[in-house]
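Good morning, and thank you for joining. I would ask you to keep the sequence and the model in view while I speak.

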Amino acid sequence: NANRFICNYEDISDSYELLEELGRGKFALVKKCRNKKTGELFAAKVYGKRAGRRGERAKALNNEISVLGIVPPHPRIVKLLEVYHGQTEVVLILELVKGGELFERLLQESVGLCEAQARRVIRQILEAVRHLHQNNLVHLDIKPENVLLVSHDKDSDIKLVDFGLAKMLKEGEIIRDMVGTPEFVAPEVINYEPITLAVDMWSIGVLTYILLSGSSPFLGDSQQETYSNISHVDYDFEEEVFDTISDNAKEFITKLLVKKSSKRMTVEESLNHPWMRMPLSADTSLE
Ligand code: ADP
Ligand code: MG
């Protein structure tokens with residue numbers, strides 16, 4: 001039941017009209033596009049063929065196609081529908097996610113989301129990650145730019161995108177080329193120790209902290225300082241916003257930002273943590 005995409009060698013412009021830019025990342029440019037036959041809208045992720053430093057772009061493309069090609073479909077994970085191999089570029093046709101980045105949403109709120117909204121977003125990210133981890137896939141780049149909102153509603157559902165670093169986990173794997181965004185990277189990645197699925201759980205801890213407070217727990221003035229803060233798990237809940245945040249939420253973060261990866265909460269444990277299990281009625285009363 002894997003996600004079977006169609007591989008195309010014809011010209012993309014025969015089938016799709018490329019429209020406005022939706023976003024861009026390190027390796028690719030993403031544009032809205034319209035299927036000329038059906039009128040349906042999609043997202044076209046355009047990878048130029050230039051290999052980039054140490055062939056990173058080619059690797060990202062390869063990771064993305066292989067992971068999105070084997071992961072069984074899931075409502076919280078963006079779907080890959082077609083791949084166009086052109087002369088100068090490769091274009092992935094993805095399901096269109098219309099509400100923009102969680103990152104942009106955060107910029108609108110100076111001190112983070114309310115607890116109920118943060119919990120809802122994190123729960124959905126955990127559901128996406130549980131699906132990946134059940135298939136022994138690790139995302140390795142969970143951050144607010146790679147979590148998209150389905151709509152502009154305050155309680156919008158999310159979808160996880162950007163599988164450029166994602167991979168099937170191999171036992172004892174060490175990541176040599178420092179990947180991901182410094183602020184979100186787990187200590188074992190920085191220290192060139194073997195990685196596990198728990199790398200994603202660390203990033204979710206960082207993301208939860210940011211969603212609740214609007215500030216980044218380990219961010220220093222330089223990349224070196226950020227890495228040093230991460231390595232020493234040097235963060236606190238001193239920011240004023242945390243005065244009004246529940247102990248359950250703080251404990252949830254504390255149990256994810258654990259240096260030893262085997263002691264970190266797993267995705268299943270996170271979904272069963274008291275903060276996640278607070279009833280939905282509690283969510284509305286918090287608003
Ligand atoms: P990169 O690997 O270069 O970071 P991403 O897959 O993260 O590329 O895409 C870059 C940006 O494009 C995203 O942060 C998002 O804003 C936008 N984007 C990506 N995929 C979609 C999609 N399926 N629907 C809508 N926007 C998207
Ligand atoms: Mg990205």
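I shall discuss one helix and the core, then the ligand shell, some strand pairing, and finally an exposed residue.

Please bear in mind throughout that this is a predicted model.

Let me begin with helix α6, which covers residues 198-213. Does its length agree with what its residue count implies, or disagree? At 1.5 Å a residue, its 16 residues should span 22 Å, and the end C-alpha atoms are 23 Å apart, so the two values agree. The helix is followed by glycine 214, whose phi is positive, near 80°.

Is α6 enclosed or open to its surroundings? Of its 16 residues, 16 are buried, so the helix is largely enclosed by the rest of the structure. The cut-off behind that statement is 20 or more other C-beta atoms within 10 Å of a residue's own.

That brings me to the largest nonpolar core, which has 75 residues. Those with the most contacts inside it are Ala44, Val91, Ile125, Val199, Trp202, Ile204 and Leu211. Helix α6 gives the most to this core, with 11 residues. To take one of these positions, valine 199 is in contact with Val138, Leu140, Ala186, Glu188 and Val189, once its neighbours within four places in sequence are left aside.

I turn now to the ligand. There are 23 residues around ligand 1, and Gly23, Gly25, Val30, Ala43 and Asp162 come nearest. The elements giving two or more residues to this shell are β2 (16-24), β3 (28-35) and β4 (41-48). Strand β2 supplies the largest share, 3 residues. By class, the shell has 12 nonpolar, 4 polar and 7 charged residues.

Next, the strand pairing around β5. Strand β1 (residues 6-8) runs parallel to β5 (residues 80-85), and 3 bridges join them. Within this pairing, cysteine 7 has valine 83 of β5 as its bridge partner. On β5 there is also an antiparallel pairing, with β6 (residues 89-94), over 5 bridges. Here tyrosine 84 stands opposite valine 91 in β6. Strands β5 and β6 form a hairpin with 3 residues between them. Valine 91 has already been mentioned, as it is among the residues with the most contacts inside the largest core.

Finally, consider glutamine 108, which lies in helix α3 (residues 102-108). Is glutamine 108 buried or exposed? It has 7 other C-beta atoms within 10 Å, and since 12 or fewer counts as exposed, glutamine 108 is exposed. Its C-alpha atom is separated by 42 Å from that of glutamate 10, the two residues being 98 apart along the chain.

Note on methods
Residues are numbered from 1 along each chain as its sequence is written. Chains are lettered from A and ligands numbered from 1 in the order in which they are written. This is a predicted model: local features need pLDDT of at least 70, side-chain atom pairs count only at pLDDT 80 or more; totals for chains, interfaces and linings use all residues. Helices (H or I, at least four residues) and strands (E, at least two) are DSSP runs, numbered from the N terminus. The expected span of a helix is 1.5 Å times one less than its number of residues. A residue is near a molecule or strand if its C-beta atom, placed from the backbone, lies within 6 Å of it. Ala, Val, Leu, Ile, Met, Phe, Trp, Tyr, Cys and Pro count as nonpolar, Asp, Glu, Lys and Arg as charged, and the others, Gly among them, as polar. Two strands pair if DSSP finds at least two bridges between them. A nonpolar core is a set of buried Ala, Val, Leu, Ile, Met, Phe, Trp, Tyr and Cys residues joined through C-beta atoms within 7 Å. Two residues are in contact if their C-beta atoms, placed from the backbone, lie within 7 Å.
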